[in-house]
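Thanks for passing this one along. Here are my notes, set out as numbered points so that you can read them beside the coordinates.

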Amino acid sequence: MMLWQSPTDERLNRRAQIVGRALLWAAAHYLDAARLSLDEGNLDRTAQFCQAAERCLKDAASFLPAWERANALRWTRQLTALRQRLSDRFYARTHLLALCVKVKAQAAFVPKATSSPSQRRSSR
């Protein structure tokens with residue numbers, strides 16, 4: 001809602017950013033679910049939740065600006081590597097928590113609009 005209501009650059013596709021943010025939120029919740037299933041000792045479900053989070057991050061990347069896209073794709077690669085090490089619970093839990101915090105912070109971020117040339121001329 002904050003992104004929709006805030007002024008943005010004309011170059012930015014606001015709807016695409018909102019879809020991208022929604023997919024980031026979905027990925028964060030899958031990461032939370034993966035942590036919970038890891039705590040329960042269910043490694044199969046943990047792997048499934050990690051895979052779902054990967055899909056959400058990949059999908060989000062196509063809707064986000066370039067610098068955010070790079071983050072989403074890097075997190076996807078990290079999740080792929082993490083799924084190979086789920087048996088090391090301390091490693092997996094620590095990385096899941098860190099990824100979840102990063103993804104939630106990125107999803108909550110609302111970029112500031114820079115003024116367009118026409119706005120700069122009118123403010124003079």
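The points below go from the overall fold to the helix pairs and then to a few single residues.

1. A word on the source to begin with: this is a predicted model. The protein has 6 helices and 0 strands, so the pattern along the sequence reads α-α-α-α-α-α. Of its 124 residues, 38% are buried. Among contacts with a separation of 6 or more, 69% join residues 24 or more positions apart.

2. Helix 2 is a good place to start looking. Its 26 residues should span 38 Å at 1.5 Å a residue, and the end C-alpha atoms are indeed 38 Å apart. Just after helix 2 comes Gly 41, with a positive phi of about 85°.

3. Next, please look at how helix 2 meets helix 3. Their axes come within 8 Å and cross at roughly 170°, which means that helix 2 is roughly antiparallel to helix 3. The crossing of this pair is left-handed. On the helix 2 side the contact includes Leu 23, Leu 24, Ala 27, Tyr 30, Leu 31 and Leu 38; on the helix 3 side it includes Phe 49, Cys 50, Ala 53, Cys 56 and Leu 57. By class, the residues of this contact are 17 nonpolar, 3 polar and 2 charged.

4. Helix 3 itself covers residues 43-61. From first C-alpha to last, its 19 residues reach 27 Å, close to the 27 Å expected at 1.5 Å a residue. Its buried residues are Thr 46, Phe 49, Cys 50, Ala 52, Ala 53, Glu 54, Cys 56, Leu 57, Ala 60 and Ala 61. These buried residues pack against helix 2, helix 4 and helix 5. You will notice that Glu 54 is on the buried list; this residue comes up again in point 7.

5. Now turn to helix 2 (residues 14-39) and helix 5 (residues 89-108), whose axes come within 9 Å and cross at roughly 160°. That angle makes helix 2 roughly antiparallel to helix 5. Here too the crossing is left-handed. Helix 2 contributes, among others, Arg 21, Leu 24, Trp 25, Ala 28, Leu 31, Asp 32 and Arg 35, while helix 5 brings residues including Arg 89, Arg 93, Leu 96, Leu 97, Cys 100, Val 103 and Lys 104. This contact divides into 15 nonpolar, 1 polar and 7 charged residues.

6. The pairing of helix 4 with helix 5 deserves its own view. The axes come within 11 Å and cross at roughly 165°, and the two helices are therefore roughly antiparallel to each other. Helix 4 passes helix 5 in a left-handed crossing. From helix 4, Trp 67, Glu 68, Asn 71, Trp 75, Gln 78, Leu 79 and Leu 82 take part; they meet Tyr 91, Ala 92, His 95, Leu 96, Leu 99, Lys 102, Val 103 and Gln 106 in helix 5. The class count for this contact is 9 nonpolar, 4 polar and 2 charged.

7. Is Thr 76 buried or exposed? This residue is found in helix 4, and its relative accessible area of 4% is under the 20% cut-off, so Thr 76 counts as buried. Leaving aside neighbours within four places in sequence, Thr 76 is in contact with Glu 54, Leu 57 and Lys 58. Of these partners, Glu 54 and Leu 57 are among the buried residues of helix 3.

8. Asp 32, in helix 2, is worth a close look. At 17% relative accessibility, Asp 32 counts as buried. Beyond its neighbours within four places in sequence, Asp 32 is in contact with Cys 100 and Lys 104, both of which belong to the helix 5 side of the contact in point 5. The C-alpha atoms of Asp 32 and Leu 99 are separated by 9.8 Å, with their positions 67 residues apart along the chain.

9. Finally, Ala 26 also has its place in helix 2. With a relative accessibility of 26%, Ala 26 counts as partly exposed. It is part of the contact of helix 2 with helix 3. Its C-alpha atom is 9.5 Å from that of Ala 107, although the two residues are 81 apart along the chain.

Methods. Residues numbered from 1 in each chain as written. Predicted model: local features only at pLDDT ≥ 70, side-chain atom pairs only at ≥ 80, totals over all residues. Heavy atoms only, no water. Axes fitted to C-alpha atoms, helices over the stretch in contact; angles between N-to-C directions. Helix = DSSP H or I, 4+ residues; strand = E, 2+ residues; numbered from the N terminus. Parallel < 35°, antiparallel > 145°, perpendicular 65-115°, else oblique. Left-handed = near helix turned anticlockwise from the far one by under 90°. Contact = heavy atoms within 4.5 Å. Nonpolar A, V, L, I, M, F, W, Y, C, P; charged D, E, K, R; others polar. Expected span 1.5 Å × (residues − 1). Buried < 20%, exposed > 50% of the residue type's maximum accessible area, 1.4 Å probe, protein only.
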